[in-house]
Amino acid sequence: MDNMEIEKKWRVAAVPADLDAYESIDMEQAYLNEHPTVRIRRENDRYFLTYKGMSDNDVSHTEYNLPLTPEAFGHMLPKHDGRIIKKKRYIIPLDIEAEGVPLKAELDVFDEPFKPLIIVEVEFPSLTAAETFIPPEWFGEEVTHDRRFKNAVIAIDPSIDPSEML
């Protein structure tokens, strides 16, 4: 069965106040391949291997997440391409529903060497919901179609300078 992920990304115009009031996840992720995307990720004390299929629209792609043990994650981590991404993800509920699904913002605050990069993503139940979404004012410029803001590119392409992405 296909697992479709539909998401859009924005730069952040204004970080919401009281971030610590929201649920957060400490993440560490590394890429084993860019095309198709194969990633390993630690989310607090949970570990995953993710396969993302190719996309022709930058908004939707097939995604499979498989659980890993901490030992398997540790075994694969040295095999990564490029740089390891560490970030804190804040889960911020939006007072918006799409097709009966409450939407939430996933605000990623990157650690070195990508600091001060901050990106916000929203996942949608359908392409129609993604196309008709009106972002809150604190979201900045949409960067869904700018390849520099894809985590795999940020990690693997050494020419990406996060300070130029603000």
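**Close-up 1. Phe139 and its surroundings in the predicted model.** Set aside the residues within four places of Phe139 in sequence. Phe139 is then in contact with Trp10, Arg11, Ala13, Leu94, Ala105, Val120, Val122 and Phe133. Is Phe139 buried or exposed? Phe139 is buried, because its relative accessible area is 5%, and the cut-off for buried is under 20%.

**Close-up 2. The largest nonpolar core.** This core has 20 residues. Which of them touch the most other members? They are Phe124, Trp138 and Phe139. Several elements each supply at least two residues of the core: β1 (4-12), β6 (81-98), β7 (101-110), β8 (118-123) and α2 (127-132). The largest share comes from β6, with 4 residues. Another core lies apart from this one. That other core has 14 residues, including Tyr31, Ile85, Ala152 and Val153.

**Close-up 3. The ring pair of Trp10 and Phe139.** The structure holds 8 aromatic pairs. One of them joins Trp10 and Phe139. The ring centres are 4.9 Å apart, and the planes meet at 55°. This pair is tilted. Where do the two partners sit? Trp10 is in strand β1, and Phe139 is in strand β9 (residues 139-142). The pair links distant parts of the chain, 129 residues apart. Trp10 has a relative accessible area of 2%, so Trp10 is buried.

**Close-up 4. The ring pair of Phe110 and Phe114.** The centres of these two rings lie 6.4 Å apart. Their planes are at 70°. Why is this pair edge-to-face? The angle of 70° decides it, because planes over 60 degrees apart count as edge-to-face. Both Phe110 and Phe114 are buried.

**Close-up 5. One aromatic cluster.** Which residues form the cluster? Its members are Trp10, Phe124, Phe133, Trp138 and Phe139. Three of these names appeared in Close-up 2: Phe124, Trp138 and Phe139 touch the most other members of the largest nonpolar core.

**Close-up 6. Gln29, a buried residue with polar contacts.** Gln29 sits in strand β2 (residues 23-33). Its relative accessibility is 0%, so Gln29 counts as buried. Which side chains does the side chain of Gln29 meet in polar contacts? One is the side chain of Tyr31, at 2.9 Å. Another is the side chain of Arg41, at 2.7 Å. Leave aside the neighbours within four places in sequence. Gln29 is then in contact with Arg39, Ile40, Arg41, Ile84, Ile85, Lys87 and Asn151.

Note on methods:
Residues are numbered from 1 along each chain as its sequence is written. This is a predicted model: local features need pLDDT of at least 70, side-chain atom pairs count only at pLDDT 80 or more; totals for chains, interfaces and linings use all residues. Side-chain values use heavy atoms; hydrogens and water are left out. A nonpolar core is a set of buried Ala, Val, Leu, Ile, Met, Phe, Trp, Tyr and Cys residues joined through side-chain atoms within 4.5 Å. Buried means under 20% relative accessible area, exposed over 50%, partly exposed in between (1.4 Å probe, protein chains only). Contact means heavy atoms within 4.5 Å. Rings of Phe, Tyr and Trp (its six-membered ring) pair if their centres lie within 6.5 Å; planes under 30 degrees apart count as stacked, over 60 as edge-to-face and the rest as tilted. A polar contact is a pair of N or O atoms within 3.5 Å; within protein, one must be able to donate a hydrogen and the other to accept it, and residues adjacent in sequence count only if both atoms are side-chain atoms.
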